[in-house]
Amino acid sequence: MTGHANVMVVKNNAKLPLVIEENSLFAYFEKIKKFPVLSENEERDLIADFKQNGNLAAAQQLITSHLRLAAKIALTYRRYGLPLADIVSEANIGLMQAVKKFDLEKKVRLSTYAIWWIKAAVNDYILRSWSLVKIGTVAAQKKLFYNLNRIKARLGLYENKALEPAVVKQIAGELVVDEQDVIEMNQRIGGDKSLNVAAGDDGTQEQIDFLVDSRQNTEARLANKEEALYKQKVLKDCLSRLNERESYIIRRRMLTDEPVTLEDLGVELGVSRERIRQIEKKAFEHLSEQVKLALKS
């Protein structure tokens with residue numbers, strides 16, 4: 001995605017509800033529920049007004065009417081270990097970009113088109129924040145980070161709460177890791193905070209009311225599988241654009257369950273530990289940029 005300033009189609013005169021921090025999220029969700037859903041004719045008229053006359057009020061109305069869509073998509077990324085308020089904000093930026101880029105010749109509703117821009121914006125944020133997710137280089141941590149939610153889903157454990165001792169033992173045995181590592185990673189990714197706490201000023205709703213069901217129907221599973229295969233293809237294609245040494249270092253350091261240390265790679269390739277770190281950093285930046293461009297196209 002381009003810089004945030006380029007996508008703010010409602011810049012200074014905006015009256016959009018702000019996403020500031022985690023403890024204000026549920027108040028934000030309450031606010032965006034009050035914006036009316038547009039009919040197809042209303043939507044087309046507003047798009048035409050914005051595109052032909054540059055009417056920012058029309059753009060603002062298009063955005064506010066789709067904020068719930070952006071929030072719903074953002075919530076599907078809540079298990080990535082990143083601040084949900086930031087994810088919602090990035091989803092809104094994707095929505096703004098969709099409004100800016102959309103035209104009536106596309107023959108689809110704005111919501112259909114916006115889904116892809118919203119996901120692209122969130123994926124871009126996750127890629128940029130990859131280094132902030134403290135996965136570490138320990139094989140056990142990487143195994144847990146990439147597999148814990150999958151195993152929990154297989155066991156029918158969809159809630160963000162502490163795991164039963166028997167479940168901890170089962171997961172630890174399956175992944176060959178310490179039980180304490182399982183407990184800590186579960187707290188880190190999902191958290192064990194109760195969802196049955198009041199949300200909003202009137203206390204009539206709970207936080208769980210705002211969360212989507214993690215369980216997927218057949219169509220969703222197939223769609224996610226197709227998307228995962230597509231992303232694997234994108235990653236493979238982008239890796240092929242690195243030189244041989246860069247590709248080798250990225251694979252050995254980031255794309256394996258048992259990453260090789262900088263020291264060991266330095267010995268193997270006959271260079272210093274610092275040189276391996278420099279090559280890895282440059283290659284990762286190049287790879288990330290290529291992936292982002294590919295996912296946007």
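In which hand does H4 pass H6 at their crossing? The structure is a predicted model, in which local features need pLDDT of at least 70 and side-chain atom pairs count only at pLDDT 80 or more, while totals for chains, interfaces and linings use all residues. Residues are numbered from 1 along each chain as its sequence is written, and side-chain values use heavy atoms, with hydrogens and water left out.

The crossing of H4 past H6 is right-handed, meaning that the near helix is turned clockwise from the far one by less than a right angle. Helices here are DSSP runs (H or I, at least four residues), as are strands (E, at least two), numbered from the N terminus. The axes of H4 (residues 56–64) and H6 (residues 84–101), lines fitted to C-alpha atoms over the stretch in contact, come within 10 Å and cross at roughly 130 degrees, on a scale from 0 to 180 degrees between N-to-C directions. The two helices are therefore oblique to each other (neither under 35, over 145 nor 65 to 115 degrees). Ala59, Leu62 and Ile63 of H4 meet Leu95, Met96 and Val99 of H6, contact being heavy atoms within 4.5 Å.

Turning to the interior, the largest nonpolar core has 39 residues, and Leu62, Leu95 and Val99 are among those with the most contacts inside it. Such a core is a set of buried Ala, Val, Leu, Ile, Met, Phe, Trp, Tyr and Cys residues joined through side-chain atoms within 4.5 Å, where buried means under 20% relative accessible area (1.4 Å probe, protein chains only). H6 gives the most to this core, with nine residues.

Definitions and conventions. Buried < 20%, exposed > 50% of the residue type's maximum accessible area, 1.4 Å probe, protein only.
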